[in-house]
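Trainee: Could you take me closely through the nonpolar interior of this chain, and then through the charged pairs and the surface around it? I would like one connected account that I can follow with the model open beside me.

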Amino acid sequence: IFNCIESRHVLHEWMEGACRMSKQITLTDYYAYLEKKGLSKSTVATYRSSINRFVAWLEQKEAHEMADGGLTALQKAFQKHIQLFKKTAGKDLKLKAGTINLTIRHLKQCFSWMLANKLVPDNPAQEIKYIPEDRLKTKWITEQQERKLFAELRLLLGNPKQYRKVIREYAMIALMYFTSARVEELCNIKLVDIQINERSGWVYLYGKDNKQRKVDLNKSIRKLLTQYLNEYEGSLKSGYLFDSQRSGQVTTRAVQYIVENYAKRLNMSNLTCHALRHTCLHNLVKAGVPLSTVAEIAGHLKADGTPNIDMTLRYIKPGEEEKADAMEMISWD
């Protein structure tokens with residue numbers, strides 16, 4: 001079609017009309033659409049980051065065409081642009097395969113919305129394939145690292161001058177470690193979502209697409225949360241379990257910053273909020289808990305509410321330490 005002069009003229013006229021329509025519709029409308037669908041603000045922010053990343057790259061590659069930016073820039077994007085981004089972003093922008101794939105996935109969905117709103121004649125990202133990547137790469141921390149992390153927290157907790165600060169950080173880290181809570185879920189926990197009794201307890205977590213799940217609290221985390229609440233409950237600014245100096249609800253970035261500080265302090269580059277979630281689920285699998293149960297604890301559910309075991313399978317893959325231990329089991333010495 002693009003080799004036909006008449007078709008090029010038709011496409012040019014169509015794009016001019018689409019540009020006039022786009023003056024009434026912006027990417028802000030797309031992000032509002034995502035929120036209306038039930039996506040969290042942090043998830044929408046990830047979409048915005050992906051699209052901005054591609055638009056910035058596009059403007060740099062096609063400066064004479066893409067200087068207007070935003071929605072209009074996307075309207076001028078062709079499949080060849082997205083294919084080139086996929087091919088060169090790793091080297092030029094130092095992006096990992098997972099980040100490139102996430103950008104492509106978000107572009108597919110954004111262009112689909114634009115197509116539905118007649119802002120583009122087709123979806124140029126639709127046929128773009130993802131970069132193969134090792135999705136089963138281990139993301140949890142080792143048993144030795146677990147001991148090192150919690151030994152450090154207990155040591156710091158013994159200092160009366162640091163107690164109030166450390167018990168809050170300890171509670172955050174332990175909640176992700178013992179319940180597999182995502183950092184967004186941790187920030188959204190309200191006091192009414194937690195029940196702590198002498199012999200039992202549970203927390204309600206609100207995950208992706210507002211899916212709710214109930215996770216039982218073991219004795220260790222119940223004890224720690226009780227310590228935290230004894231120190232903070234009377235001074236919390238709102239109904240959330242964790243607040244901050246500026247707000248009644250702690251932000252995901254604030255929690256990530258806390259974990260990053262411990263990662264630097266302990267020289268554990270693989271320690272992240274998500275690693276704590278992975279560690280919890282991996283430990284459950286190692287302990288012999290059925291995959292269907294692990295899937296429910298993780299919030300890996302299908303549209304009909306049944307456990308999505310395929311998503312949980314990634315936590316079965318052994319780490320390097322476990323493979324070494326397995327080989328030692330057949331040693332002659």
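Mentor: Among the contacts between residues at least 6 apart in sequence, 61% join residues at least 24 apart, and that is a useful thought to carry along as we go from one part of the chain to another. Please keep in mind throughout that this is a predicted model. The chain has 333 residues, of which 40% are buried, and its secondary structure consists of 16 helices and three strands. Its accessible surface comes to about 19,500 Å², with 52% of that area belonging to carbon and sulfur atoms.

The interior you asked about is best entered through the largest nonpolar core, which has 47 residues. The residues with the most contacts inside this core are Leu149, Leu175, Tyr228, Phe242, Val255, Tyr262 and Leu271. Several elements give two or more residues to the core, namely helices H8 (143–157), H9 (163–179), H10 (183–187), H11 (219–232), H12 (252–265) and H13 (273–286), together with strand S2. Helix H9 supplies the largest share, 10 residues. If you centre the view on tyrosine 262 and set aside its neighbours within four places in sequence, you will find it in contact with Leu149, Leu153, Leu156, Val166, Glu169, Ile173 and Leu271. As general background, nonpolar side chains in soluble globular proteins tend to be buried together.

A second core, separate from the one just described, holds 32 residues, including Trp57, Ala77, Ile82 and Met114. Alanine 89 is a residue to look at in its own right: it is found in helix H6, which covers residues 79–92, and it counts as buried because its relative accessibility is 0%, where the cut-off for buried is under 20%. Leaving out residues up to four places away in sequence, alanine 89 touches Leu84, Lys94, Leu95 and Ile100. The C-alpha atom of alanine 89 is also separated by 9.4 Å from that of phenylalanine 54, although these two residues are 35 apart along the chain.

The strands deserve a careful look as well, since S2 has already appeared among the elements of the largest core. Strand S2 (residues 201–206) runs antiparallel to S3, and five bridges join the two; within this pairing, tyrosine 206 stands opposite glutamine 212. Along S3 (residues 212–216) the side chains alternate, with Arg213 and Val215 pointing to one face, where they are buried, while Gln212, Lys214 and Asp216 point to the other face and are not buried.

Now to the charged pairs, of which a search of the whole structure finds nine that qualify as salt bridges. One of them joins aspartate 92 to lysine 61, with 3.6 Å between the closest N and O atoms. Aspartate 92 belongs to helix H6 and lysine 61 to helix H3 (residues 41–61), and the pair therefore ties together parts that are 31 residues apart in sequence. Both partners are partly exposed, aspartate 92 at a relative accessible area of 41% and lysine 61 at 39%.

A salt bridge also forms between the side chains of lysine 286 and glutamate 143, at 2.7 Å from N to O. Because lysine 286 lies in helix H13 and glutamate 143 in helix H8, this pair connects parts of the chain that are 143 residues apart in sequence, and both of these helices are among the contributors to the largest core. Here too the partners are partly exposed, with relative accessible areas of 39% for lysine 286 and 36% for glutamate 143.

Arginine 253 and glutamate 260 make a further salt bridge, their closest N and O atoms being 3.1 Å apart; arginine 253 is partly exposed at 43%, as is glutamate 260 at 33%. Salt bridges with shared partners also link Arg182, Glu185 and Arg213 into one network, and Arg213 is one of the buried residues of S3 that you met above.

Finally, turn to the surface towards the end of the numbering, where Ile309, Leu313 and Ile316 form a nonpolar patch with about 220 Å² of accessible area together. Isoleucine 316 is found in the loop between helix H15 (309–312) and helix H16 (320–328), and with a relative accessible area of 38% it is partly exposed, whereas alanine 89 is buried at 0%.

Definitions and conventions: Residues numbered from 1 in each chain as written. Predicted model: local features only at pLDDT ≥ 70, side-chain atom pairs only at ≥ 80, totals over all residues. Heavy atoms only, no water. Helix = DSSP H or I, 4+ residues; strand = E, 2+ residues; numbered from the N terminus. Buried < 20%, exposed > 50% of the residue type's maximum accessible area, 1.4 Å probe, protein only. Contact = heavy atoms within 4.5 Å. Areas by Shrake-Rupley, 256 points an atom, 1.4 Å probe, with all protein chains shown as cover. Pairing = 2+ DSSP bridges. Core = buried A, V, L, I, M, F, W, Y, C linked by side-chain atoms within 4.5 Å. Patch = residues over 30% accessible without salt bridge, like charges linked within 9 Å, V, L, I, M, F, W, Y side chains within 5 Å. Salt bridge = Lys/Arg side-chain N within 4 Å of Asp/Glu carboxyl O.
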